[in-house]
Amino acid sequence: MSSFGFPNDKPVAIHQERRSDVAAREGLLDAAFGPGRLAKASERLREGRKPARGLAFVARRGGHLVGTLRLWTVVTGTGHAGLLLGPLAVAEEVRCLGIGAALMRQALQRADLLGHRAVILVGDAAYYSRFGFSAAQTGALRMPGPYQRDRLLACELAPGALRGAGGLIVAAGPPSSRLSGLIDRIAGSQAPIGQPA
């Protein structure tokens with residue numbers, strides 16, 4: 001899909017996520033966020049679902065998965081359709097190489113090309129503001145479960161996409177098949193333990 005790198009260093013390539021990435025992705029997420037990651041409010045919007053079509057990405061360096069980012073279809077209580085971004089994770093040993101930023105740019109560009117109008121996330125405004133995220137359009141929105149209100153951010157890919165948006169953010173789109181979910185859980189439970197975040 002896209003690649004970048006630095007002189008005398010292994011290049012980083014960003015690709016669409018594949019089923020064979022499940023175990024490495026889950027290991028990376030466990031290392032990055034710890035065992036509490038599945039208790040987060042954002043997880044309520046992801047569990048039992050597949051990411052939005054064409055919007056699940058991984059970064060590889062030297063054949064190893066070192067980054068992941070997924071987007072999920074959601075809708076607000078007022079009927080505003082959008083995407084939920086997350087989780088974004090990068091392996092600890094390569095966090096200074098711009099992999100997270102490259103994943104963000106790729107995901108937002110692809111979402112825009114696919115006709116999505118807005119992206120919502122729960123995260124650090126200091127990091128995500130450089131990609132156009134702010135709390136300006138999220139004051140009337142709420143997540144399912146506990147979250148820090150100042151970390152609920154949005155980026156409009158189409159101007160005015162979230163004008164008047166409010167209420168509870170809920171999952172949209174079809175749930176994943178039972179077989180697909182079972183395969184993901186089995187593969188995820190076999191993820192390497194102690195893989196660096």
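This is a short tour of a predicted model, stop by stop, with something to select at each one.

**The whole chain**

Start with everything shown as a cartoon. The protein has five helices and ten strands. Now colour by burial. Of the 197 residues, 46% are buried. Switch to a surface view next. The protein exposes about 10,000 Å², and carbon and sulfur atoms supply 54% of that area. Turn on contacts if your viewer allows it. Among contacts with a separation of 6 or more, 70% join residues 24 or more positions apart.

**Helix 1**

Select residues 22-33, which form helix 1. This helix has twelve residues. From its first C-alpha to its last it reaches 16 Å, close to the 16 Å expected at 1.5 Å a residue. Show side chains and look for the buried ones. They are V22, R25, E26, G27, L28 and L29. Two charged residues are in that list, R25 and E26. Keep them selected for the next stop. Then step just past the helix to G34. The phi of G34 is positive, near 75 degrees. Most residues other than glycine have a negative phi.

**Salt bridges**

How many salt bridges does a search of the whole structure find? The search finds eight. Side chains of opposite charge can pair when their charged atoms come close.

Begin with R25 and E26. Their side chains meet in a salt bridge, at 2.9 Å from N to O. Both residues are buried.

Move to E17 and R70. This salt bridge is 2.8 Å, N to O. E17 sits in the loop between strand 2 (12-16) and helix 1 (22-33), while R70 belongs to strand 4 (residues 64-75), so the pair ties together parts that are 53 residues apart in sequence. Are E17 and R70 buried or exposed? Both are buried.

Now select R44 and E47. They form a salt bridge whose closest N and O atoms are 2.9 Å apart. Here the burial reads as follows. R44 is partly exposed, at 32% relative accessible area. E47 is partly exposed too, at 44%.

Finish this stop with a wider selection: E17, R25, E26, D30, R37 and R70. Salt bridges that share partners join these residues into one network. Show them as sticks to follow the links.

**A cis peptide bond**

Go to G86 and P87. The peptide bond from G86 to P87 is cis, with omega near -5 degrees. Most peptide bonds are trans. Where does P87 lie? It is in strand 5, residues 81-90.

**Helix 3**

Select residues 99-113. This is helix 3, with 15 residues. At 1.5 Å a residue it should span 21 Å, and its end C-alpha atoms are 21 Å apart, so the two agree. Colour the helix by burial. The buried residues include I99, G100, A101, A102 and L103. M104, Q106, A107, L108 and A111 are buried as well. Just past the helix, pick G115. Its phi is positive, near 90 degrees.

**The aromatic cluster**

Select Y127, Y128, F131 and F133. Ring pairs link these four residues into a cluster. The structure holds three aromatic pairs.

Take Y127 and Y128 to begin. Their ring centres are 4.9 Å apart and their planes stand at 85 degrees, so the pair is edge-to-face. Y127 is partly exposed, at 24% relative accessibility. Y128 is buried, at 12%.

Stay on Y128 and add F133. The centres of these two rings are 6.1 Å apart, with planes at 70 degrees, so this pair is edge-to-face as well. Y128 and F133 are both buried.

**The cysteines**

The last stop is C96 and C155. How many disulfides does the structure hold? Zero. Select C96, then C155, and compare their surroundings. C96 is exposed, because its relative accessible area is 78% and the cut-off is over 50%. C155 counts as buried, because its relative accessibility is 7% and the cut-off is under 20%.

Notes
Residues numbered from 1 in each chain as written. Predicted model: local features only at pLDDT ≥ 70, side-chain atom pairs only at ≥ 80, totals over all residues. Heavy atoms only, no water. Disulfide = S-S within 2.5 Å. Buried < 20%, exposed > 50% of the residue type's maximum accessible area, 1.4 Å probe, protein only. Phe/Tyr/Trp six-rings, centres within 6.5 Å; stacked < 30°, edge-to-face > 60°. Helix = DSSP H or I, 4+ residues; strand = E, 2+ residues; numbered from the N terminus. Expected span 1.5 Å × (residues − 1). Contact = heavy atoms within 4.5 Å. Areas by Shrake-Rupley, 256 points an atom, 1.4 Å probe, with all protein chains shown as cover. Salt bridge = Lys/Arg side-chain N within 4 Å of Asp/Glu carboxyl O.
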